[in-house]
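User: I am new to reading protein models. Can we go through one by asking what earns each label?

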Amino acid sequence: MQKQIFLIDKLKEDRTLTKQEWVQLITERTPEAAEYLFAIAREERHAHYGHDVYIRGLIEFTNYCKNDCLYCGIRKSNSRANRYRLSEEEILSCCRTGYELGFRTFVLQGGEDASYTDDRIVRLTGSIKDRYPDCALTLSIGEKSCQSYRRYFEAGADRYLLRHETSNEAHYSRLHPPSLIASARKECLWNLKEIGYQVGTGFMVGSPYQTAEHLAEDMLFIRELNPQMVGIGPFIVHRDTPFADQTSGTLELTLFMLGLLRLMLPKVLLPATTALGTIDPKGRELGILAGANVLMPNLSPTGVRKDYSLYDNKICTGDEAAECRSCLERRMEAVGYQIVTARGDSLNRL
């Protein structure tokens, strides 16, 4: 226990650890050490963001994907997936609803769908920014060329989310088809930073074959990248993937990693993800209490939400946007926090 406290205090002081120290802290964690960590993480979070919780309006606009990631329910080989694409008018309608509900960040997320060409993304980006100039626009559409990223940025995109999933090359290869490699994903993240995006990355907790050494390498990579947002969540199995018989990640380890991330990058934006709420009814509240400060409720039309199925049993697929926002507001107030209407830019500067 004392060694754990020492390492947590060292992390708060130095904002990093050696790989060996990361491994030790993760593998030897105890419930008592976790409570200590969460208390310190909350202090850091309150120092920079108070008790505010930022909300992002998530619009899952296509579940077509050219990739075949072994863990993902919308992988191209999943013949059982009910595919859909939202039109530009449908996406703008989602934004209009979200704006009226107080959302000031929209997140366009989708599979790597060739139907949405660069020209279409640029036009859509411009349309959203023209209508809602006081809002931030985040794209989460996968690996693209540096030129493509630059075009989206020049059209008005402010942020880009691209989870690296795992920074270990060998582990990455066990989760993805040969056409995808970890180094290419990391290069995309560095390109996004160079262009000037507010960059988000992240990883799955408890993914198949993951070790404490892999998690340590993730933390070291994130410290080097110094992103503006880090999105982590538990790996959750999907019945129509090659990993259907694997074991999902745990709430306990995911919360512990959230607390560590808050101490390592105290000004970063940390979401309490939908996946956290999926594995535990109070998962998002516990995520906030572990140091998170962002929620990403769904603005997608209710008719397609169940089809954007990255993992099984995803929550809130039938809630109307207003209903979801009100529910989250009550949940946050119950644990001493408040949802605010703001862009919620990261204080972790480029």
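**Labels and the values behind them**

Analyst: Start with a charge over a ring: Lys 186 lies over the face of Phe 221, 5.2 Å from the ring centre. Keep in mind that this is a predicted model.

User: What makes Lys 186 count as sitting over the ring of Phe 221?

Analyst: The distance limit is 6 Å from the ring centre. Lys 186 is at 5.2 Å and lies over the face of Phe 221, so the label fits. Arg 104 is placed in this way too: it lies over the face of Tyr 99, at 3.6 Å from the ring centre.

User: Now salt bridges. How many does a search of the whole structure find?

Analyst: The search finds 19. Side chains of opposite charge can pair when their charged atoms come close.

User: How do you know that Glu 112 and Lys 66 form a salt bridge?

Analyst: Look at the closest N and O atoms. They are 3.8 Å apart. The cut-off is 4 Å, so the pair qualifies. The two residues are 46 apart in the chain. Glu 112 is in the loop between E3 and helix H5 (118-131). Lys 66 is in the loop between strand E2 (57-62) and helix H4 (88-100).

User: Are Glu 112 and Lys 66 buried or exposed?

Analyst: Take each value in turn. Glu 112 has 9% relative accessibility. Buried means under 20%, so Glu 112 is buried. Lys 66 has a relative accessible area of 53%. Exposed means over 50%, so Lys 66 is exposed.

User: What makes Asp 119 and Arg 151 a salt bridge?

Analyst: Their closest N and O atoms are 2.8 Å apart. That is within 4 Å, so the label holds. The pair links distant parts of the chain, 32 residues apart: Asp 119 is in helix H5 and Arg 151 in helix H6 (residues 146-155).

User: Why is Asp 119 called partly exposed?

Analyst: Its relative accessibility is 47%. Buried needs under 20% and exposed needs over 50%, so Asp 119 falls in between. Arg 151, at 32%, is partly exposed as well.

User: What separates Glu 329 and Arg 325 along their helix?

Analyst: About one helical turn, because they are 4 residues apart in helix H14 (residues 321-334). Their side chains meet in a salt bridge, 2.8 Å from N to O. Glu 329 is partly exposed at 27% relative accessibility. Arg 325 is at 10%, under the 20% limit, so Arg 325 is buried. Elsewhere, salt bridges that share partners join Arg 159, Arg 343 and Asp 345 into one network.

User: Let's turn to rings. How many aromatic pairs are there in the whole structure?

Analyst: The search finds 9.

User: Why is the pair of Tyr 209 and Phe 243 called edge-to-face?

Analyst: Check distance, then angle. The ring centres are 6.1 Å apart. Pairing needs 6.5 Å or less, so the rings pair. The planes stand at 75°. Edge-to-face means over 60 degrees, so that is the label. Tyr 209 lies in the loop between E7 and H9, and Phe 243 in the loop between strand E9 (233-234) and helix H10 (251-264), so the pair ties together parts 34 residues apart in sequence.

User: What makes Phe 235 and Phe 243 edge-to-face?

Analyst: Their planes are at 85°, with 6.4 Å centre to centre. The angle is over 60 degrees and the distance is within 6.5 Å, so both tests are passed. Phe 235 and Phe 243 are both buried. Ring pairs also link Tyr 149, Phe 153, Tyr 160 and Tyr 197 into a cluster.

User: What is notable about phi of Tyr 209?

Analyst: It is near 70°, a positive value in a residue other than glycine. Tyr 209 is partly exposed at 35% relative accessibility. Phi of Glu 165 is also near 70°. Glu 165 is found in the loop between E5 and helix H7 (169-175). Its relative accessible area is 7%, under 20%, so Glu 165 is buried.

User: Last topic: how many cavities of 30 Å³ or more does the structure hold?

Analyst: It holds 4. The second largest has about 100 Å³ of space. Of its 14 lining residues, the closest to its centre are Thr 138, Arg 159, Leu 161, Met 229 and Leu 269. E6 gives the most to the lining, with 3 residues. By class, the lining has 6 nonpolar, 6 polar and 2 charged residues.

Methods: Residues numbered from 1 in each chain as written. Predicted model: local features only at pLDDT ≥ 70, side-chain atom pairs only at ≥ 80, totals over all residues. Heavy atoms only, no water. 1 Å grid on protein atoms, 1.4 Å probe; cavity = no way out; pocket = protein on both sides within 12 Å on 5 of 7 lines; lining within 4 Å. Points joined across faces, edges and corners; volume = space filled by probe spheres on them. Nonpolar A, V, L, I, M, F, W, Y, C, P; charged D, E, K, R; others polar. Buried < 20%, exposed > 50% of the residue type's maximum accessible area, 1.4 Å probe, protein only. Phe/Tyr/Trp six-rings, centres within 6.5 Å; stacked < 30°, edge-to-face > 60°. Lys NZ or Arg CZ within 6 Å of the ring centre and 35° of its normal.
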